[in-house]
Amino acid sequence: MSEPAAPAAGDKGPRLQDRVLGGMRWGRLQEPLGFIKVLEWLFAIFAFGACGSFSGETGATVKCGGETKEMSAISVQFGYPFRLYQVPFEMPDCEGESETRTLHLIGDFSAPAEFFVTLGVFSFLYAMAALVLYLRFHSLYGENKKLPFADFCVTVCFAFFWLVAAAAWGKGLADVKAATRPASLIAAMAVCQGQEVVCNAGTTPAMGLANISVLFGFINFLLWAGNCWFVLKETSWQAQAAPHDSAAEQGAIDKQ
């Protein structure tokens with residue numbers, strides 16, 4: 001008798017993939033709990049991506065007086081994590097010396113920016129893990145009463161942290177704008193205090209992407225705060241409240 005042929009090595013991959021994907025209940029994405037988790041996952045990417053990838057440029061022009069009347073253009077690049085005190089730029093010397101002096105921007109706004117990005121990364125990871133659990137192992141999610149309760153506690157914490165992070169980064173961004181505007185750059189250069197020296201604003205930073213990151217932060221807060229209600233409905237608290245409500249309604253009907 002001939003032995004059955006062993007399955008080819010290439011057949012194991014598709015079968016394992018079909019087994020994993022076949023257990024996914026994609027229809028649960030149409031339910032509020034699944035749909036909001038997808039939105040949380042997406043907007044977390046938008047939030048930390050917009051903030052973490054930001055880079056801007058500011059500048060000024062310095063025109064020396066006297067016989068030389070040279071004009072120098074100063075361009076300064078800055079970006080995440082917004083440790084501006086580490087960003088150098090060259091200040092020209094209008095006293096006839098060819099050497100320039102190295103200065104730095106003022107301020108350190110890395111704390112709110114890094115907290116915002118870190119929260120976005122953790123929100124992305126948790127939303128992805130919770131979504132896989134909800135789609136693939138929903139029976140475990142329903143049988144184990146501790147999982148919905150833990151999900152509810154984590155969701156409340158993320159909602160609170162998003163509110164704090166968005167507000168803190170919004171204030172930090174306002175300070176970044178004030179520290180990087182051309183007027184602040186001119187005020188920091190001693191050469192611009194000379195009588196015959198003319199300093200004018202150069203490149204103005206485009207802060208559109210940073211402004212959008214703050215908006216994404218508040219959108220994430222609304223998503224996580226709204227999701228608290230749908231996660232609460234999966235906990236034992238809501239399940240215990242439902243029989244009491246139905247019993248009260250039945251008692252009112254019997255009295256009638």
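Guide: Let's start with some vocabulary: helices (H or I, at least four residues) and strands (E, at least two) are DSSP runs, numbered from the N terminus. This is a predicted model, where local features need pLDDT of at least 70 and side-chain atom pairs count only at pLDDT 80 or more, while totals for chains, interfaces and linings use all residues. Residues are numbered from 1 along each chain as its sequence is written, and side-chain values use heavy atoms, with hydrogens and water left out.

Visitor: With which residue does aspartate 175 form a salt bridge?

Guide: A salt bridge here is a side-chain nitrogen of Lys or Arg within 4 Å of a carboxyl oxygen of Asp or Glu. The partner of aspartate 175 sits four residues apart from it in helix 5, so about one helical turn separates the two. The closest N and O atoms are 2.9 Å apart, and the partner is lysine 171.

Visitor: How many residues apart are lysine 37 and aspartate 151?

Guide: Their side chains meet in a salt bridge, 3.3 Å from N to O. Lysine 37 belongs to helix 2 and aspartate 151 to helix 5, so this pair links distant parts of the chain: they are 114 residues apart.

Visitor: Are lysine 37 and aspartate 151 buried or exposed?

Guide: Let's get the cut-offs straight: buried means under 20% relative accessible area, exposed means over 50%, and partly exposed is in between (1.4 Å probe, protein chains only). By that rule, lysine 37 and aspartate 151 are both buried.

Visitor: Which residue meets glutamate 114 in a salt bridge?

Guide: Glutamate 114 lies in helix 3 and its partner in the loop between strand 2 and strand 3, so the pair ties together parts that are 31 residues apart in sequence. Glutamate 114 is partly exposed at 27%, and the partner is partly exposed at 28%. The N to O distance is 2.9 Å, and the partner is arginine 83.

Visitor: Which peptide bond is cis?

Guide: Most peptide bonds are trans. For this one, omega is about 10°. Its proline is found in the loop between strand 2 (71-79) and strand 3. The bond joins tyrosine 80 and proline 81.

Visitor: What is phi of phenylalanine 82 near?

Guide: Phenylalanine 82 lies in the loop between strand 2 and strand 3, and its relative accessible area of 0% makes it buried. Most residues other than glycine have a negative phi. For phenylalanine 82 the value is positive, near 65°.

Visitor: Which element gives the most to the largest nonpolar core?

Guide: A nonpolar core is a set of buried Ala, Val, Leu, Ile, Met, Phe, Trp, Tyr and Cys residues joined through side-chain atoms within 4.5 Å. The largest has 43 residues, and those touching the most other members include Phe82, Phe89 and Met189. Several elements give two or more residues to this core, among them helix 2, strand 3 and helix 7 (208-232). The top giver, with eight residues, is helix 5.

Visitor: Which residues of strand 3 point to one face and are buried?

Guide: In a regular strand the side chains alternate between the two faces of the sheet. Along strand 3 (residues 88-91), Pro88 and Glu90 point to one face and are not buried, while the other face has the buried pair, Phe89 and Met91.

Visitor: Which residue in strand 4 stands opposite proline 88?

Guide: Two strands pair if DSSP finds at least two bridges between them. Strand 3 and strand 4 (residues 101-104) pair in the antiparallel sense over four bridges. Opposite proline 88 stands histidine 104.

Visitor: Which cysteines form a disulfide?

Guide: A disulfide is a pair of cysteine sulfur atoms within 2.5 Å, and the count comes to one. Cysteine 153 is not in it, because its sulfur is 6.9 Å from the closest cysteine sulfur, in cysteine 157, too far for a bond. The sulfur atoms of the bonded pair are 2.1 Å apart, and the pair is cysteine 192 and cysteine 199.

Visitor: Is the disulfide of cysteine 192 and cysteine 199 left-handed or right-handed?

Guide: Cysteine 192 counts as buried at 14%, and so does cysteine 199 at 17%. The torsion about their S-S bond is about -95°, so the disulfide is left-handed.
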